[in-house]
Amino acid sequence: MTPEDMDLLAALGRARAGVRVETEKPYLIESRLSPLARREGFDSIEALIAALRAQREERLIWAVVEALCRCETTFFRGRETFAALRDAVLPALSQRRPEAPIRVWSAACATGQEVYSMAIAAAEAPNLATGARFEFFGSDLSERCLEKAQAGLYTQFEVQRGLPIRMLVKYFENQDDTWAISPRIRQMVRWKRINLLADLSAMGRFDVILLRNVLRGMDAALRGKVIEALVSLLPPDGVLVLDPEDDVAAFDDMLAAAPGGTGIYLRDPSVRAAVAA
Amino acid sequence: MKTCLVVDDSRVIRKVARRVLEDIGFEIAEAADGMEALAWCRAAMPDAVLLDWNMPVMNGIEFLRLLRAEPGGAAPKVVFCTVENSVDHIRAALDAGADEYIMKPFDGDIIEAKFAEAGLL
């Protein structure tokens, strides 16, 4: 790839998805684009990029942008974070509004492990209000990731990263080396391809929004836009879940970190006590 | 330093597991079957046992049942590490007192993740 090729990819990533393409790591870009080049019938990444320049075809542009985004996750990534969500956040929300469904959105769900982990956490949560109901949504920029997420099929390697063995036997069935999430959990989740740079105001209210593995790969200028858009969907006692290492100092007028360094942020500081409990 | 007894009839697997576990701070002892492992445990109860299922002389599940009946035998965290990947096998292991379960093939990340799940790290 020439420097001009890298510049083109960086410009596309930024414009279409707000993604910062790591041009300092060409090997990473190559490892993400070469399967796509093969799938699209090109001999090389260079040929793929040449076609991109020559045709400016929307479908191909999006395929490239999607491939440039990372699509990696594990079950219960951040064990303490999920423990706090299961033991404190979800029970507190369900006690505060036993009538309405609690809506949970994994806003960059990649291959689905995160939103399924949330569904399992809700099924395992103690002290829920009687009749508590949950709705789970998974969205991602990448169609291919969403297809895998929706299928709910995972390799033996994938189910051994982060998933306690008791959760595996309780919520999965296996056929040889493939593990399928139980239909009961799978049917709790709805899926949609969503670009977080688009207008999100029609998404409706969410009580818990997870945005992990995203901000640090995002163009700095756009982080604020996305955080503001998501926070505006939270009710006053809603919760935004980021990565513990995400820097959100600029947003402390709308977000307060829950104690424990779990990456859980509360929209309204006055509900801090519930999560600390 | 925490101790881990690696029980597997394959010397290669024992060696790989030893390297991974030493990297995350365990002192390692090795046994090639359940009988040998039981002798180790009677002499010095380890903090953790990484346990194969299919072995000559005494297999992993028989060892685990006997271990849990020994004085002090409830204490070690036992992590199975086996090619057996059916839900029936996993349930049997949990019923016999296993704390975690690794399906081969494994890598260092999986051992580390599973030892963390078992509360060993």
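**Exercise 1. Which residue stands opposite Thr178(A) in E5(A)?**

Solution. The model is a predicted one, in which local features need pLDDT of at least 70, side-chain atom pairs count only at pLDDT 80 or more, and totals for chains, interfaces and linings use all residues. Residues are numbered from 1 along each chain as its sequence is written, while chains are lettered from A and ligands numbered from 1 in the order in which they are written.

Step 1. Find the strands, remembering that helices (H or I, at least four residues) and strands (E, at least two) are DSSP runs, numbered from the N terminus. Strand E5 of chain A covers residues 178–181 and runs antiparallel to E4(A), to which 4 bridges join it; two strands pair if DSSP finds at least two bridges between them.

Step 2. Read off the partner: the residue opposite Thr178(A) is Gln175(A).

**Exercise 2. Place these strands in their sheet, and explain which strands stand at its edges.**

Solution. Step 1. The order in chain A is E3-E5-E4, an open sheet of 3 strands with antiparallel pairing.

Step 2. Strand E3 (153–155) and strand E4 (172–175) of chain A each have a single partner strand, so they stand at the edges, and one side of each is left without a neighbour in the sheet.

Step 3. On average, neighbouring strands of this sheet are turned by 30° against each other, direction ignored; such angles run from 0 to 180 degrees between N-to-C directions, and axes are lines fitted to C-alpha atoms, for helices over the stretch in contact.

**Exercise 3. Describe how H3(A) packs on H4(A).**

Solution. Step 1. Two packed helices are described by the angle between their axes and the distance between the axes. For helix H3 (residues 45–55) and helix H4 (residues 58–68) of chain A, the angle is about 140° and the axes are 9 Å apart.

Step 2. This angle makes H3(A) oblique to H4(A), because angles under 35 degrees count as roughly parallel, over 145 as roughly antiparallel, 65 to 115 as roughly perpendicular and the rest as oblique.

Step 3. H3(A) passes H4(A) in a left-handed crossing; a crossing is left-handed if the near helix is turned anticlockwise from the far one by less than a right angle, and right-handed if clockwise.

Step 4. From H3(A), the residues Ala51(A), Leu52(A) and Gln55(A) meet Leu60(A), Ile61(A) and Val64(A) of H4(A), where contact requires that the C-beta atoms of two residues, placed from the backbone, lie within 7 Å. By class, the contact of H3(A) with H4(A) has 5 nonpolar, 1 polar and no charged residues; Ala, Val, Leu, Ile, Met, Phe, Trp, Tyr, Cys and Pro count as nonpolar, Asp, Glu, Lys and Arg as charged, and the others, Gly among them, as polar.

**Exercise 4. Carry out the analysis for H2(A) and H4(A).**

Solution. Step 1. Helix H2 (residues 26–39) of chain A packs against H4(A) at about 140°, with the axes 9 Å apart, which makes H2(A) oblique to H4(A).

Step 2. The crossing of H2(A) and H4(A) is right-handed. On the side of H2(A) the contact is made by Ile29(A), Arg32(A), Leu33(A) and Leu36(A), and on the side of H4(A) by Ala63(A), Val64(A), Ala67(A) and Leu68(A).

Step 3. Sorted by class, the residues of the contact of H2(A) with H4(A) are 7 nonpolar, no polar and 1 charged.

**Exercise 5. Is Asn127(A) buried or exposed?**

Solution. Step 1. Asn127(A) lies in the loop between helix H6 (113–124) and strand E2 (134–140) of chain A.

Step 2. Asn127(A) has 12 C-beta neighbours inside 10 Å and therefore counts as exposed; a residue is buried if 20 or more other C-beta atoms lie within 10 Å of its own, exposed if 12 or fewer, and partly exposed in between, with C-beta atoms placed from the backbone.

**Exercise 6. How many residues of chain A are in contact with chain B?**

Solution. Step 1. In this contact, 9 residues of chain A touch 13 residues of chain B.

Step 2. Helix H8 (residues 165–171) of chain A gives the most to the side of chain A that touches chain B, namely 3 residues.

Step 3. That side of chain A divides into 3 nonpolar, 4 polar and 2 charged residues.
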